[in-house]
Amino acid sequence: MGLSVEERQAFLAEPHVAAISVSAGAQRGPLTVPIWYYYTAGGDLWIPTGKGSRKHQLIEAAGRLTLMVDREQPTVRYVSVEGPVTKIVPLEHDQHRQVAARYIPEELLEGYLKYAESYGEQIAVYVSPEHWLSADLGGPENWG
């Protein structure tokens, strides 16, 4: 069963580890990798990534990407969004903290952010969700 607009936006706003897919050219399948992301219902989503990385280069070349999040408990549910890249900007420290805080326990956050400085320059890729797919397949109580 599909999700309502409000349900899919609320689900996407939760801190899931996402998978992004972006075209890797005519002779390759899409690059599909796990990634952290940030989203507020009704707005653009954004992902942090390394400046000049393969992912960054492919996203810039394609100009759009797909992001998918899912969960298995308490029900099998997913949301997938696809849309154009609206901007690519340097990742500010406060943004890095904002996205990392969704995934890293508070007591480890400062240590993680200090370690992450060794990744090199980071960027934030903004995407405007244009096409949505979503479903809630229920849980074990519905399958028997």
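Visitor: Hi! Let's start with H3. What covers its buried residues?
Guide: Happy to help. The cover over the buried residues of H3 includes strand S3 (38–39), strand S4 (45–50), strand S6 (77–90), strand S7 (122–127) and H4. Keep in mind that this is a predicted model.

Visitor: Noted. And which residues of H3 are the buried ones?
Guide: They are Gln-95, His-96, Val-99 and Ala-100. Looking down the axis of H3, these buried residues fall within an arc of 125°, so they line one face of the helix.

Visitor: You listed H4 in that cover. At what angle do the axes of H3 and H4 cross?
Guide: At roughly 130°, and the axes come within 11 Å. H3 spans residues 93–100, and H4 spans residues 106–116. Angles from 115 to 145 degrees are counted as oblique, so that is the word for how H3 and H4 lie to each other.

Visitor: Is the crossing left-handed or right-handed?
Guide: The crossing of H3 and H4 is right-handed.

Visitor: Which residues meet there?
Guide: From H3 you have His-93, His-96, Arg-97 and Ala-100, and on the H4 side they meet Leu-109, Glu-110, Tyr-112, Leu-113 and Ala-116. Sorted by class, this contact has 5 nonpolar, 2 polar and 2 charged residues. His-96 and Ala-100 appear here, and both are also among the buried residues of H3.

Visitor: What about the loop between H3 and H4, which residue there should I look at?
Guide: Try Tyr-103, which lies in that loop.

Visitor: Buried or exposed, that Tyr-103?
Guide: Tyr-103 has a relative accessible area of 18%, and under 20% counts as buried, so Tyr-103 is buried.

Visitor: Leaving aside its neighbours within four places in sequence, what is Tyr-103 in contact with?
Guide: With those neighbours set aside, Tyr-103 is in contact with Pro-15, His-16, Val-17, Trp-36 and Tyr-37. Take Pro-15 from that list: Tyr-103 and Pro-15 are 88 residues apart along the chain, and their C-alpha atoms are separated by 6.8 Å.

Visitor: Let's hop to the start of the chain. Which residues of H1 are buried?
Guide: Helix H1 covers residues 5–13, and its buried residues are Arg-8, Gln-9, Phe-11 and Leu-12. Seen along the H1 axis they fall within an arc of 160°, so they line one face of the helix.

Visitor: And what covers them?
Guide: The cover for the buried residues of H1 includes S3, S4, S6, strand S5 (64–71) and strand S8 (131–136).

Visitor: Changing topic: where does His-56 lie?
Guide: His-56 lies in helix H2, which runs over residues 54–62. With 9% relative accessibility, His-56 counts as buried.

Visitor: What is His-56 in contact with, beyond its neighbours within four places in sequence?
Guide: Thr-49, Gly-50, Lys-51, Ile-88 and Ile-123 are its contacts once those neighbours are left aside. Another distance for His-56: its C-alpha atom and that of Gly-83 are separated by 16 Å, with their places 27 residues apart along the chain.

Visitor: Which residues of H2 are buried?
Guide: Lys-55, His-56, Leu-58 and Ile-59. Down the axis of H2 they fall within an arc of 170°, so they line one face of the helix. They pack against strand S1 (18–22), strand S2 (31–35), S4, S5, S6 and S7.

Visitor: What does the face of H2 turned away from that side carry?
Guide: That face carries the exposed residues Glu-60 and Ala-61. Just after H2 you come to Gly-63, which takes a positive phi of about 75°.

Visitor: Now the prolines. Where is Pro-74 found?
Guide: Pro-74 is found in the loop between S5 and S6. The peptide bond from Gln-73 to Pro-74 is cis, with omega near 0°.

Visitor: Last one: is Pro-140 buried or exposed?
Guide: Pro-140 is exposed, with a relative accessible area of 52%. Its place is in helix H5, residues 140–143. The C-alpha atoms of Pro-140 and Val-76 are separated by 9.2 Å, and the two residues are 64 residues apart along the chain.

Technical notes: Residues numbered from 1 in each chain as written. Predicted model: local features only at pLDDT ≥ 70, side-chain atom pairs only at ≥ 80, totals over all residues. Heavy atoms only, no water. Axes fitted to C-alpha atoms, helices over the stretch in contact; angles between N-to-C directions. Helix = DSSP H or I, 4+ residues; strand = E, 2+ residues; numbered from the N terminus. Parallel < 35°, antiparallel > 145°, perpendicular 65-115°, else oblique. Left-handed = near helix turned anticlockwise from the far one by under 90°. Contact = heavy atoms within 4.5 Å. Nonpolar A, V, L, I, M, F, W, Y, C, P; charged D, E, K, R; others polar. Buried < 20%, exposed > 50% of the residue type's maximum accessible area, 1.4 Å probe, protein only. Arc of directions from axis to C-beta.
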